[in-house]
Amino acid sequence: MLVVIYWLYRSVAPAQSRAEVKPAVESRALKDVDIFRDLTGAQVGRIASIGERVRVPAGYTLGKAGEVGNSMFVILDGAVDVLFEQAG
């Protein structure tokens, strides 16, 4: 099973310097996510401009406990498991 996520990340280059412009469909997909619902179209467009749509296969690890993060994942389609290992 593939999971479709929108991977928001910090880039060293400003979004305006990237050659690829995100299509309006990305803004519409993000606007349907609860945490973005009350944002303006311009605000959601800015968020869409700093990320990319990614398909990840089953078993793919997005991150591990204790790692410093610099990104956020928005699940657009599919499901993920969050697993915690207990020490000892």
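Let me start with a cut-off: a residue counts as exposed when its relative accessible area is over 50%. Lys64 reaches 57%, so Lys64 counts as exposed. Hold on to that idea, because buried means under 20% and partly exposed lies in between. One caution before we go on: this is a predicted model.

First, the layout. The chain has 88 residues, and buried residues make up 19% of them. Its secondary structure comes to two helices and three strands. Reading from the N terminus, the order is β-α-α-β-β. About 6,800 Å² of the chain is exposed, and carbon and sulfur atoms supply 55% of that.

How do the contacts spread along the sequence? Take the contacts between residues at least 6 apart in sequence. Of these, 78% join residues at least 24 apart.

Now look inside. Which residues make up the largest nonpolar core? There are eight: Tyr6, Leu8, Leu30, Phe36, Val44, Ile47, Ala48 and Val74. Two elements give two or more residues to this core, strand S1, residues 2-9, and helix H2, residues 41-49. H2 gives the most, with three residues. As background, nonpolar side chains in soluble globular proteins tend to be buried together.

Pick out one member of the core, Leu8. What does Leu8 touch, once we leave aside its neighbours within four places in sequence? The contacts are Phe36, Ile47, Ile50, Gly51, Asn70, Ser71, Met72 and Val74. Phe36, Ile47 and Val74 from that list are also core members.

Next, the helices. Start with H2. Val44, Ile47 and Ala48 are buried there. They cover an arc of only 100° around the axis, so they sit on the same side of H2. All three also belong to the core I just listed.

Then H1, which runs over residues 24-31. Its buried residues are Glu26, Ser27 and Leu30. Again the arc is only 100° around the axis, which puts these residues on the same side of H1. Leu30 is also part of the nonpolar core.

Glu26 brings us to charges. How many salt bridges does the structure hold? Two. One joins Arg53 to Glu26, with the closest N and O atoms 2.9 Å apart. This pair links distant parts of the chain: Arg53 is in strand S2, residues 51-57, Glu26 is in helix H1, and 27 residues separate them. Are the two partners buried or exposed? Glu26 has 9% relative accessibility, so Glu26 counts as buried. Arg53 has 35%, so Arg53 counts as partly exposed.

The other salt bridge is between the side chains of Asp34 and Arg37, at 2.5 Å from N to O. Here Asp34 counts as exposed, at 60% relative accessibility. Arg37 is partly exposed, with a relative accessible area of 41%.

Now the outside. Where is there a nonpolar surface patch? Six residues make one of about 600 Å²: Tyr60, Leu62, Ile75, Val80, Val82 and Phe84. Let me take two of them. Leu62 is in the loop between S2 and S3. Leu62 is partly exposed, with a relative accessible area of 31%. Val80 lies in the segment after strand S3, which covers residues 71-77. Val80 is partly exposed too, at 37% relative accessibility.

Last, some distances between C-alpha atoms. Leu62 and Met72 are ten residues apart along the chain, and their C-alpha atoms are separated by 9.8 Å. Back to Lys64, where we began. Lys64 is in the loop between S2 and S3. The C-alpha atoms of Lys64 and Leu83 are separated by 9.1 Å, with their positions 19 residues apart along the chain.

One more residue, Gly78. Where does Gly78 sit? In the segment after S3. Gly78 is partly exposed, with a relative accessible area of 42%. How far is its C-alpha atom from that of Val4? The separation is 6.5 Å, although the two residues are 74 residues apart along the chain.

To recap: an eight-residue core, two salt bridges, and a nonpolar surface patch of about 600 Å². Thank you.

Technical notes
Residues numbered from 1 in each chain as written. Predicted model: local features only at pLDDT ≥ 70, side-chain atom pairs only at ≥ 80, totals over all residues. Heavy atoms only, no water. Buried < 20%, exposed > 50% of the residue type's maximum accessible area, 1.4 Å probe, protein only. Helix = DSSP H or I, 4+ residues; strand = E, 2+ residues; numbered from the N terminus. Arc of directions from axis to C-beta. Core = buried A, V, L, I, M, F, W, Y, C linked by side-chain atoms within 4.5 Å. Contact = heavy atoms within 4.5 Å. Salt bridge = Lys/Arg side-chain N within 4 Å of Asp/Glu carboxyl O. Patch = residues over 30% accessible without salt bridge, like charges linked within 9 Å, V, L, I, M, F, W, Y side chains within 5 Å. Areas by Shrake-Rupley, 256 points an atom, 1.4 Å probe, with all protein chains shown as cover.
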